[in-house]
Amino acid sequence: GLNLKTTQFQNVKVRQAMHYLVDYDGMVNSFLKGREKVHQTFWPSGFWAALDENEYKFDPAKAKALLAEAGLKDGFEVTLDAPNTQPFTNMAQSIQSTMAQGGIKVTIVPGEQKTVLTKYRARQHQMLLMNWGPDYMDPHTNADSFARNPDNSDAPKSKPLAWRNSWDIPEITKMTDAAVRERDEAKREQDYKDLQKKVMDEGPFIIMFQDTQQLATR
């Protein structure tokens, strides 16, 4: 999560550059092997209306070019709040290492997951590492949080993930509200795929992985 109260994150080119400073494959093929797969949209692969497009790869040169276009060719410093348990610790260290290759100096702030989550809910972070899961089997359960923020003030009735990252999105909120009411199934499916694409390209989230579980039964 990238809190848009952090000035540098307000430029969409900076957010896109940061996508290119994560070594997704490197993590999945090493300490996350068998535990995660690369998945970069907010609705899980295998569910109806999932968009299985992983358009970002680790590419420091492309990231540097985007940062230069945003007026940040020398990079900047930022903090990353992360739970002090595995695999978050290794993930945070990997992110710190690869962000540095683009000129972004990341200081990891480790904490108990409950403490990190409390900070996130109060949107007091700059960058934050956390996981998320759907509450029910319809894409609106995740769209309602990643792609909907009806009130970006400091004291709203609800505090979805978009709000936690200070992403003020009246037009995307309207798209999400329309998608949940759409009666044509094919149109509704496309609406959610469009939302996933829009959040991936413009949003304050660097979505990296989807959990996999290995189960042994007899």
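Of the 218 residues of the protein chain, 46% count as buried, meaning that their relative accessible area is under 20%. The model is a predicted one. The protein chain holds 9 helices and 5 strands, and its radius of gyration is 17 Å, close to the 17 Å that the globule rule gives for 218 residues, so the chain is as compact as a globular protein of that length.

**Fold and dimensions**
- Read from the N terminus, the elements of the protein chain follow the order α-α-β-α-β-α-β-α-β-α-α-α-α-β.
- Along the principal axes, the C-alpha atoms of the protein chain fill a box of roughly 50 × 50 × 35 Å.
- Among contacts in the protein chain with a separation of 6 or more, 75% are between residues 24 or more positions apart.

**Surface and charge**
- About 11,200 Å² of the protein chain is exposed, and carbon and sulfur atoms supply 47% of that area.
- The side chains of the protein chain include 28 positive and 29 negative ones.
- The centres of these two sets of charges lie 4 Å apart.

**Strands S2 and S3**
- Strand S2 covers residues 76-83, and 6 of its 8 residues are buried, so S2 is largely enclosed by the rest of the structure.
- S2 runs parallel to strand S3, which covers residues 104-111, and 8 bridges join the two strands.
- Phenylalanine 76 has isoleucine 104 in S3 as its bridge partner.

Terms used: Residues numbered from 1 in each chain as written. Predicted model: local features only at pLDDT ≥ 70, side-chain atom pairs only at ≥ 80, totals over all residues. Heavy atoms only, no water. Helix = DSSP H or I, 4+ residues; strand = E, 2+ residues; numbered from the N terminus. Rg over C-alpha atoms; globule rule 2.2 N^0.38 Å. Buried < 20%, exposed > 50% of the residue type's maximum accessible area, 1.4 Å probe, protein only. Contact = heavy atoms within 4.5 Å. Areas by Shrake-Rupley, 256 points an atom, 1.4 Å probe, with all protein chains shown as cover. Lys, Arg positive; Asp, Glu negative; His and termini not counted. Charge placed at Lys NZ, Arg CZ, Asp CG, Glu CD. Pairing = 2+ DSSP bridges.
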